[in-house]
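Hi everyone, thanks for coming. I'd like to walk you through the inside of this protein, and then we'll turn to its cysteines.

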Amino acid sequence: MSEYVLGVDLGTSAVKVSAMNKDGEIVAQQSFDYPLSQPHPGYSEQNPEDWVSGTTVAIVRLILDDQIKPEEIEGISFSGQMHGLVLLDENRQVLRPAILWNDTRTTKQRHEIEAQLGDKFVEITKNQPLEGFTLPKMLWVKENEPEIWAQAKTFLLPKDYVRYRMTGKLAMDYSDATGTVLLDVKAGQWSQEICDALDIPMSMCPPLMKSIDSAGKVSQSYALFSGLSTDTEVFGGGADNAAGAVGAGILSPNMVLSSIGTSGVVLKYEENADVDYHGVLQFEDHAIPDSYYSMGVTLAAGYSLNWFKKTFAQDVSFDEMVESAANSGVGANGLIYTPYIVGERAPYADADIRGSFIGVDGTHKKADFVQAVLEGIIFSFKDIMDIYDAHHNDFDTVVAIGGGAKSPLWLQIQADIFNKKVVSLENEQGPGMGAAMMAAVGLGWFDTFQECADKFVHFGKEYLPDPKRAQKYDKVHEIYGKVYKSTSELSHELLAYRRDNDI
């Protein structure tokens, strides 16, 4: 009999469920889209029932269409979109649509937390109370929907709600718990001090579990609903970035993840919670027990390239546009792009900064602009890596995933700018791979995540930095680093003018 695990990747726009065998091979995949609600500017919500029904439909399709036998599915685990707030009443019924990670309505509540707790908050949680996190959302409901808040008895994050519906048991894993900014990271427990200061009942905080801990078997009711067997074990799972790091093999301190999607993420494995980035970088519990990761986000990574193509290069394919940069060179012939076109998060946490091209002259061609955009995105990643260097956190390998891993030219640019070895993945599956690996380790298929990664994660070609190009890039990046300070005041003034004059 074949044996499989299911990795459930619960994203913002869709859920993807992957069935994997003990050799780390994907034998089948199914996905299901669901809607996003934006009832007001800055609001982003979803109906938690859509996650449950979407996940269930994908599982049913694996069983019916792909002929995965229910009795062959030994375990299930999850990767989940982070920070989303699901409020349940005393009967464990959902009280309102979930408020998602990309909802920005909570600036007032962020300032309230900062005023109430100051530096103590970062000391406890290792993070700033950014609008996207869960705690500010809880305060927003408390202040703006008191009738809902009065009924709320517990809260969960998205994947925890789906797991609850599968098993009937409430819990939250540590990697998602840190993203709520209600967790005392060093103590490994919910913060009584923060709850008391903000008048949040500790009883609302669900039990904590590790990502590879069992939440129990599939319940009888969900088995009838989905076709799964009640012998299938369900595991805690992890936050999407934690799961993505596991799926990319970021399992030791010498490795850093470079992920280019719409936004960009630089993520590093951390062995303990002693390092202090003062909230400039996010600091989270890892899906790997008793370990952590830190990460910085640049808001317009792939989005910068998509914007440039849509605006200036509609006549060529995406790949053609990227490869045209080969006609430029290091430093784009004196042209620098800063990718702040929707503001920035790390290392500047500045919603009102805006992007720029610096050094434009009459000799520049389109290829130089493409090269400048490619370089500018990676320079923004280098800003984050420089924070690691400042804390003496040495690493020698960068694992590139997402759009930045699809172009050999761009991979070499990363190696030269980072002055580190850069590798891509042969079987990139993102957080869904990490979710499947959590189930595999939880079941005991492997004793450690490293053993599992040896089977599941396959690295591709290595790109080594060219010393001469790396030296040139060091000088260009030094100039790039001065652009933010030089343009921030003017950028804020221009944005304020646009807002005031509705242009």
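Let's begin with the largest nonpolar core, which holds 52 residues. The members that touch the most others there are L374, I377, I378, W410, F418 and V422. Do keep in mind as we go that this is a predicted model.

Where does that core come from? Two or more residues each are supplied by strands β16 (255-260), β20 (336-338) and β22 (397-402), and by helices α11 (302-312), α12 (318-323), α13 (366-390), α14 (408-418) and α17 (467-501). Which of these gives the most? That is α13, with twelve residues.

If you'd like one residue to click on, try L374. Leaving aside residues up to four places away in sequence, L374 touches L305, V322, A325, W410 and I413.

There is also a second core, separate from that one, with 40 residues. Among them are A248, L251, W445 and F446.

Now, on to the cysteines. How many disulfides does a search of the whole structure find? Zero. Take C195, which is in no disulfide: its nearest cysteine sulfur belongs to C205, 4.2 Å away. Why no bond for C205? Its closest cysteine sulfur is the one in C195, and 4.2 Å is too far, because a disulfide needs the two sulfur atoms within 2.5 Å.

And are these two buried or exposed? C195 counts as buried because its relative accessibility is 1%. C205 is buried as well, with a relative accessible area of 11%.

That's my tour, so please jump in with questions!

Notes
Residues numbered from 1 in each chain as written. Predicted model: local features only at pLDDT ≥ 70, side-chain atom pairs only at ≥ 80, totals over all residues. Heavy atoms only, no water. Buried < 20%, exposed > 50% of the residue type's maximum accessible area, 1.4 Å probe, protein only. Core = buried A, V, L, I, M, F, W, Y, C linked by side-chain atoms within 4.5 Å. Helix = DSSP H or I, 4+ residues; strand = E, 2+ residues; numbered from the N terminus. Contact = heavy atoms within 4.5 Å.
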